[in-house]
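Thanks for coming. Please have the sequence and the structure open while I talk.

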Amino acid sequence: MKHLQAIAVSVVRGTSHTALVVPAFLALSLALSCAASGQEAKEAPASAENAAIDDALRSLGMTRADLEVNRDRAASEWKSAVVLNLLGNPLGAQGYCRKLSASVAGASSDGELIRKSVEVLGTGPLGTVLAEAPEGRELETADYWKRLIESLGPGATADLSGKTAAILEMPLSARKALGLVLFHLNLARMDAARAFESMSAEERECLRTCAPALMIPADGRVAEFKVPAYPGMPPSPDAHAIARALALAKKARPGMLASTAWMISEMLRKASALFKSAGLPRDFEFRLETGIGLLVVSGAGPDVHMSGDFIIDLGGDDFYAGERFAGCAGDPGRPVSFVLDLGGSDTYRCSGDFALGGALMGAAVLRDEGGDDFYQGRDGSQGAGLFGTGILYDGGGCDVHGGGDFCQGAGCFGIGILFADQPEGARSDADGADRYSGAGFCQGFSRTGGFGLLFDRHGADVYVSGDRDMYRPLYADRYHSLSQGFSVGVREYGAAGSIAMLVDAAGCDRYLGGVHCQGAGCWFGAGFLADMGGSDFYSAAFDAQGAAVHSACGVLLDDAGDDFYTLADGLGQGCSHDYSVGILVDRAGNDKYATRSAAQGVGLTNGFGMLLDAAGDDSYSGHSGHIQGAGRAHSGVYSIGLLADLGGRDAYGGVLRSGVILTSTGVGAGIDSGAEGADAEGKCDVITVPEPVLPEGYDYGPAKFDELFRKASAWNVGEARVDVAKARAEIAAWGGKAVEFLKIRMKEWDGLVIWALDSVFEALAAKHREPVERAILEALNGGEAVPLAHALRLSAKLRIAGAAPRLMQLMKADSRYWIHVFPAAGALRIRDAVPILIEAVKGEDDAAAIEALKALGKIADPSSLPQVLACFDSRLYPRRFAAGRAAACFGNAASDALWARATDRNSREPARICAIYALQRLPQAMKDAEFAKRLAAALSDESWAIRGHAAAAFASVPDALDPSGILKKAAETEKHPFVIGKIDESLSLLARPPSERKPKPVKSGVVDYPGYAGEEED
């Protein structure tokens, strides 16, 4: 087993972090390791841990009292009492993290997690009481339902009598559930209003505009939220917006929205049981426009949801595609939103920020009660609260979560929770094996006044974060991550951080991150990661795995399994800097720790760092500097670093050393209390730190990229072809690192740049699809014209399914987008676009009509065929040509109509020729004896043009139907030179092997239209 893991490390060493992929055999190694550890090493009692810590301190002439240093050394607003307590009592940080993680793991519902979150933040008890489902005669009266609907404010459906009649026809259980929902929506509306009642309308709008600048640290990416600026404010969130949002935060009471979210969550649990017992038909649908949004109830069949503020879906494999579901974006008229899905493998795709359990100044809940689900969102999604509370509850299955920034359990002046539950009975890691991927600031992340929590109850999970923005100027080749249990304040404004946590209760998991992650904190923040079972793999770049900087606290606890910790550049694995506390505790298993320096129980610049391994045969590897129980004093104040290993045969740098004091560097100590004498007989794997493998002297920075892109976007002709291809291939070899530089080039509009971008993005997409799609979707949803044009083209080329909602939005917004959007709509086969495409075909804009015809051909919706065929009569050759290509895509549905047009001697010649051209492009399977017979009849047509094009079509007739014999017979009587030429061309093609029979581009007598010649792409 050790050899498998050692091999895996050597491969990780040769793999760029930006790939964010663990090789398959590493996963196998971890799985085997997990299976082999069925009997975990016995956990050392707490007394043994305390004794080891005391021994290490004693070697320094210290006691526990010496650890109680004042680490609150900077002025900062919004400080958390919890964080301040942990800074003053560093050994208590482990206990607090363990107690909090056990409390989270014991939660039975998302509502219970909201209660715990409020306790952590100290914002007071929840103030909402949940009402029981309505009973009695009132459920039978239309007047009751009318009053209930009207209580939600003006804007309800005009035909209330029709809606109340529909409600009264529902089974009693469904009526009870619906009454429960409507009643609590009214309470939620009033609760949400009270959270901001002390603010004027102008201040509320200003907070909505400025708040998004708060949720992402200034040294990270500043999201470009396209919202109107407050009068006198800059157009995009920046430093001024942060200052304004922090000032307005003192007037808001976002903690009240936790009560709202709790009420909605608990209400949905009750409503779920009632709806399940209602027995509604699979195709049931009820829609009600209320004063605060659209309510949709649909049956247990597979449904497609394109809109809805409150959706209750009774089951089935459903598809949610739109701007925002279960999300609030700061609109005071839409302060609450939820989705309740009772089962099935569902797909959720949202093109807008704050969705899928994401709330800005509101309360949003997504409750999915089971199935293998797919969640794809943008910033502020999947359990995110910004001046609000956002919850995503998933009741089981193997799910995939993909998001942008500030997602998957993220909070700032609010609460964000992602709870991946698993029903009782799950027994293997395959049950509930989830995948989480976020750009950053996610997977248990918080900023000022917030609490972010990701809790996964079961399964072999994978957590990936970072790959969008490089950590410049410190690193040009490593990414921001700020996730997987990370909290940070707004240091430049003196606003303290808060508390964030990732809890994984079981399974052999993988944590892949960049800088700032995996139980880490910064600027009065506390970040915790607790993994309670399985053999796990942790990989990060810097400041991770129980690390903290600038008066913060970071703790990583792992309670079981043979674990592997790899850190590319130190400051982690129980390391702190600048009056901080960083702790890593591993309580069982044969573990491996690999890093460079400043790690494995190190305190720097007045910090306290500790690595405690309670059991197992462990291996510690590092290079030089402050490592393995070291401290570095600063400004006359000591730092403390401790490494304590309680048992087993352990190796340090490949040398077994047990039962000894390891180091005493600065003010730090390492103690190993394993069996004495083991170093004389044992052997151990030597492991090294996986680092990015770069060519010697190579620079992955902007200057190098500019040099490569200049070559990649040169004229691709003559001898330059080699250099152009080489440069494009080298850029593609950068992997995810290249995407950020390519995004900058997407602001340029030039033919050579277009060709270079297309080539490189296509190459990157083959292996790095996720960052490529994210960059293109970001440009697609942005407001800049040139990146948008690039994104539209690339969405079509790469068939990016997530672009569909935005494409529909653009098509509906302005017809000037049509010519650019239609190719992508066709490539993605968006059926909802068909009416707009037909409208364009009927219009006077020839360019748009041609692109619409091409798109209709790819979609091949039968309803559009008549309009495509009508274009055969167009007097514009390109329109006819495009219509012919489109009609051929309909196959059998178009065959009879095409033959009718081709043989109708009363039709205009151009229309008949267009029909023959379309018939020529029909699938080979449709070219049977009847096809050849009809085509042969066209060889005797009185029109030489028809005869000639029919002769050209014979090049696609299968050999078994003797096309050469038919043509030769026709040639005996043919006298027109055009027809003779076409016969000769076809005979020449038929003499070749079938794979080489590609006809020459079609030309008209007047217009050469090469853009439509050759074969159409798939």
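**Overall picture**

Of the 1018 residues in this protein, 61% are buried. Keep in mind that what you are looking at is a predicted model. The chain is made up of 30 helices and 44 strands. If we take the contacts with a separation of 6 or more, 76% of them join residues 24 or more positions apart.

**The nonpolar cores**

Next, the inside. As a general point, nonpolar side chains in soluble globular proteins tend to be buried together. Here the largest nonpolar core has 150 residues. Leu 207, Phe 275, Phe 338, Phe 387 and Phe 528 have the most contacts inside that core. Helix H12, residues 255–276, supplies the largest share of the core, with 11 residues.

Let us look at Phe 528 for a moment. Setting aside residues up to four places away in sequence, the residues touched by Phe 528 include Leu 86, Tyr 96, Cys 97 and Leu 100. Further along the sequence, the list also includes Ile 499, Met 501, Leu 502, Cys 553 and Val 555.

There is a second, separate core of 102 residues, and Phe 822, Leu 922, Leu 935 and Ala 953 are among them.

**One enclosed helix**

Phe 822 brings us to helix H20, where Phe 822 is one of the buried residues. In H20, residues 818–827, 7 of the 10 residues are buried, so this helix is largely enclosed by the rest of the structure. Besides Phe 822, the buried residues are Trp 818, Val 821, Ala 824, Ala 825, Gly 826 and Ala 827. What covers them? The cover for the buried residues of H20 includes H18, H19 (804–813), H21 (834–842) and H22. After H20 comes Arg 829, which has a positive phi near 55 degrees.

**One buried leucine**

For a single position in a helix, take Leu 182, in helix H9, residues 172–194. Is Leu 182 buried or exposed? Its relative accessible area is 0%, and a residue counts as buried under 20%, so Leu 182 is buried. Leaving out neighbours within four places in sequence, Leu 182 is in contact with Trp 145, Leu 148, Ile 149, Leu 152, Leu 288 and Leu 295. Leu 295 is 113 residues apart from Leu 182 in sequence, yet the two C-alpha atoms are 9.4 Å apart in space.

**Two helix pairs**

Now for how helices pack. The first pair I will show is H17, residues 769–781, and H18, residues 785–798. Their axes are 8 Å apart and the packing angle is about 135 degrees. H17 and H18 are therefore oblique to each other, and the crossing is left-handed. On the H17 side the contact is made by Arg 769, Val 772, Ile 776, Ala 779 and Leu 780. On the H18 side it is made by Pro 787, Leu 788, Ala 791, Leu 792, Leu 794, Ser 795 and Leu 798. Sorted by class, the residues of this contact are 10 nonpolar, 1 polar and 1 charged.

The other pair is H29, residues 963–971, with H30, residues 977–990. Their axes come within 10 Å and cross at roughly 155 degrees. An angle over 145 degrees counts as roughly antiparallel, and H29 and H30 are therefore roughly antiparallel to each other. This crossing, too, is left-handed. H29 contributes Pro 963, Ser 964, Leu 967, Lys 968, Ala 970 and Ala 971 to the contact, while H30 contributes Ile 983, Ser 986, Leu 987 and Leu 990. By class that gives 7 nonpolar, 2 polar and 1 charged residues.

**Loops**

Last, some loop residues. In general, most residues other than glycine have a negative phi. Phe 524 is not a glycine, but has a positive phi of about 60 degrees. Phe 524 sits in the loop between strand S26 (520–522) and strand S27 (526–531), and is buried, with a relative accessible area of 1%. Gln 600 also has a positive phi, of about 70 degrees, without being a glycine. The loop that holds Gln 600 runs between strand S35 (592–594) and strand S36 (602–604). Gln 600 is buried as well, at 0% relative accessibility.

Finally, where is Pro 862? Pro 862 is in the loop between helix H22 (846–859) and helix H23 (865–870). Pro 862 is exposed, with a relative accessible area of 58%. Pro 862 and Ala 893 lie 31 residues apart in sequence, and 7.3 Å apart in space from C-alpha to C-alpha.

Key
Residues numbered from 1 in each chain as written. Predicted model: local features only at pLDDT ≥ 70, side-chain atom pairs only at ≥ 80, totals over all residues. Heavy atoms only, no water. Axes fitted to C-alpha atoms, helices over the stretch in contact; angles between N-to-C directions. Helix = DSSP H or I, 4+ residues; strand = E, 2+ residues; numbered from the N terminus. Parallel < 35°, antiparallel > 145°, perpendicular 65-115°, else oblique. Left-handed = near helix turned anticlockwise from the far one by under 90°. Contact = heavy atoms within 4.5 Å. Nonpolar A, V, L, I, M, F, W, Y, C, P; charged D, E, K, R; others polar. Core = buried A, V, L, I, M, F, W, Y, C linked by side-chain atoms within 4.5 Å. Buried < 20%, exposed > 50% of the residue type's maximum accessible area, 1.4 Å probe, protein only.
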